[in-house]
Amino acid sequence: MSDLVFILGDQLTPGISSLKGADPSVSRVLMAEVMEEASYVRHHKKKIAFIFSAMRHFAAEMRAAGWQVDYVTLDDPDNSGSFTGELMRAVARHQPERLRVTRPSEWRVDQAVGKWEQLSGLPVIVSEDDRFVCTAEEFGSWARGRKQLRMENFYREMRRKTGLLMENGEPVGGQWNFDADNRNAASRDLFIPRPLRIEPDAVTRDVLSLVQKRFADNFGDLEPFWFAVTRDDAERARSHFIEQALPRFGDYQDAMLADEKFLYHSLLSYYLNVGLLDPLETCRMVEAAYQSGHAPLNAAEGFIRQIIGWREYVRGIYWLKMPGYMDENVFGATRPLPDFYWTGNTDMACLRAAITQTREEAYAHHIQRLMVTGNFALLAGVDPKQVHEWYLAVYADAFEWVELPNTLGMSQYADGGQLGSKPYAASGNYISKMSDYCKSCSFDVKQKTGEGACPFNSLYWNFLVRNEPKLKSNPRLAQTYRTWERMDADRKQEYLASAKAFLSSL
């Protein structure tokens, strides 16, 4: 039977489930670059270029493997601009007997796929995405009946299921989580490796020209462009990380240094999220690095927890809570996203560094996202949906299934604790402890209030006071609220007045 197999831009895996059962001799693969996907938020130019170039290289890989591939470029004059439109055009061209697709990773695309059978008049086989350790149905079963959904409990189940870092049914090293060992501040005398940089080939150069022409006004720098866009190069980038950076990944996982964009981070999330790398295979390679003595346990466990723990957990939350999850806003935050999130023009050195880096690289590591840009938006009371749309737009690894729960749930606590046990709110002291940003800042992190004081200090207390009715009963904030209650009235007023003055200037 002739099948038309639609492969989406984050399904760039030769063994993707939609291909299983399809006969290459009579079936055809369809891939399409469409404006609807490229423009539903104002994506970073590098993000669009990365995905389109990876798609074009994957199409070539599939052709070399013997598949017939119908590939529609963005500048095809007949391009309809949507997945559904391109599906219908391909059905008319090829007259298949059946359609196949792996279940999309994002809700809105999944809803579109749900209409394909009716629109096309053909049977549609929607295969589950087996590149994840835990299916949405399994996560739903795990979540059912639980009063709280906590990543740590889920993570332990995934360790047992995969056997990663397990020995005789118990965690290697006698404990599940070594996060307490992964909070060292970095210093400039460290040898910091550089991520592997790939020189663009002719295919990528064509894509860069297309993006510069069609998306010239989008956020971000297009060049230098150095992402891996093929499976071979993504595997080289993975090997480079494991060899050069993994041994110190754990120790400095939360650290930030001005002018050091990458530290010991893997930068593999790009490749995992579009399908160029397999997550479980990657975790097994990291486990092997520990077993061989190349990397310490805290580094291997910390990396594996991010993949089979947090990554799988937020995907489960996404499918469990959508579509209403996107509109959660427990604090009723309504402030517009400040303009400097798009320009980087701010006197706050930490925000300037994180946003400038984001503009240049379409990348910032998780602490820059959570405790700098995310923390500020939370404290300032920015509309969480605007924050979500910014993160979705500016990071090359951002797909809604992974970005939305991380932003709206973890970073902004807009779901009221469905995902995390407390808001990730912090004063300037945390940023000072974990980075060297404050040394070059116009504001004084040690000054709590008044002109020249670090804005995070007063915004922190203002956030807690503003949201006291919703947060005071949280046991993890009990000591913090007792500290506030012990302050004298004048000191409290100074904090609130400083916060008000700063917020009025945004």
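Modeller: Let's start with a word we'll need: two residues are in contact when they have heavy atoms within 4.5 Å of each other. By that rule, Glu 138, Phe 139 and Trp 142 in helix H6 meet Asn 153, Phe 154, Glu 157 and Lys 161 in helix H7. Keep in mind that this is a predicted model.

Biologist: What makes H6 oblique to H7?

Modeller: The angle does. H6 (residues 136-143) and H7 (residues 151-162) pack at about 125°, with their axes 12 Å apart. Roughly perpendicular stops at 115 and roughly antiparallel starts over 145, so an angle between those limits counts as oblique. That puts H6 oblique to H7. As for handedness, H6 passes H7 in a right-handed crossing.

Biologist: Why are H20 and H22 called roughly perpendicular, then?

Modeller: Same kind of check. Helix H20 (residues 455-466) packs against helix H22 (residues 478-486) at an angle of about 100°, and their axes are 11 Å apart. The range for roughly perpendicular is 65 to 115 degrees, and therefore H20 gets that label relative to H22. On the H20 side you'll find Tyr 460, Trp 461, Leu 464 and Val 465, which meet Thr 480, Tyr 481, Thr 483 and Trp 484 in H22.

Biologist: What makes Arg 56 and Glu 33 a salt bridge?

Modeller: Their N to O distance is 2.7 Å, and the rule asks for a side-chain nitrogen of Lys or Arg within 4 Å of a carboxyl oxygen of Asp or Glu. So the pair qualifies. Arg 56 sits in helix H2, while Glu 33 is in the loop between strand E2 (28-32) and helix H1 (35-39), 23 residues apart, so the pair links distant parts of the chain.

Biologist: How do you know that Arg 56 and Glu 33 are buried?

Modeller: Buried means under 20% relative accessible area. Arg 56 comes in at 18%, so it counts as buried. Glu 33 has 0%, so it counts too.

Biologist: And why is Arg 89 called partly exposed?

Modeller: Its relative accessible area is 24%, and partly exposed runs between the 20% and 50% cut-offs, so the label fits. Its salt-bridge partner is Glu 86, again at 2.7 Å, N to O. Glu 86 is buried, at 0%. The two are three residues apart in helix H3 (residues 83-94), so about one helical turn separates them.

Biologist: What separates Glu 301 from Arg 305 in helix H13?

Modeller: About one helical turn, because they're four residues apart in H13 (residues 297-321). They form a salt bridge with the closest N and O atoms 2.7 Å apart, and both Glu 301 and Arg 305 are buried.

Biologist: How many salt bridges does the rule give?

Modeller: The count is 26. One network links Asp 3, Arg 98 and Arg 100.

Biologist: Why is Ser 2 called buried?

Modeller: At 17% relative accessible area, Ser 2 falls under the 20% cut-off, so it's buried. You'll find it in the segment before strand E1 (3-6). Beyond its neighbours within four places in sequence, Ser 2's contacts include Val 26, Gln 95 and Arg 98.

Biologist: What makes H2 mostly covered?

Modeller: Of its 20 residues, 16 are buried. H2 (residues 45-64) spans 29 Å from its first C-alpha to its last, close to the expected 28 Å. Just after H2, Gly 66 takes a positive phi of about 105°.

Methods: Residues numbered from 1 in each chain as written. Predicted model: local features only at pLDDT ≥ 70, side-chain atom pairs only at ≥ 80, totals over all residues. Heavy atoms only, no water. Expected span 1.5 Å × (residues − 1). Buried < 20%, exposed > 50% of the residue type's maximum accessible area, 1.4 Å probe, protein only. Axes fitted to C-alpha atoms, helices over the stretch in contact; angles between N-to-C directions. Parallel < 35°, antiparallel > 145°, perpendicular 65-115°, else oblique. Left-handed = near helix turned anticlockwise from the far one by under 90°.
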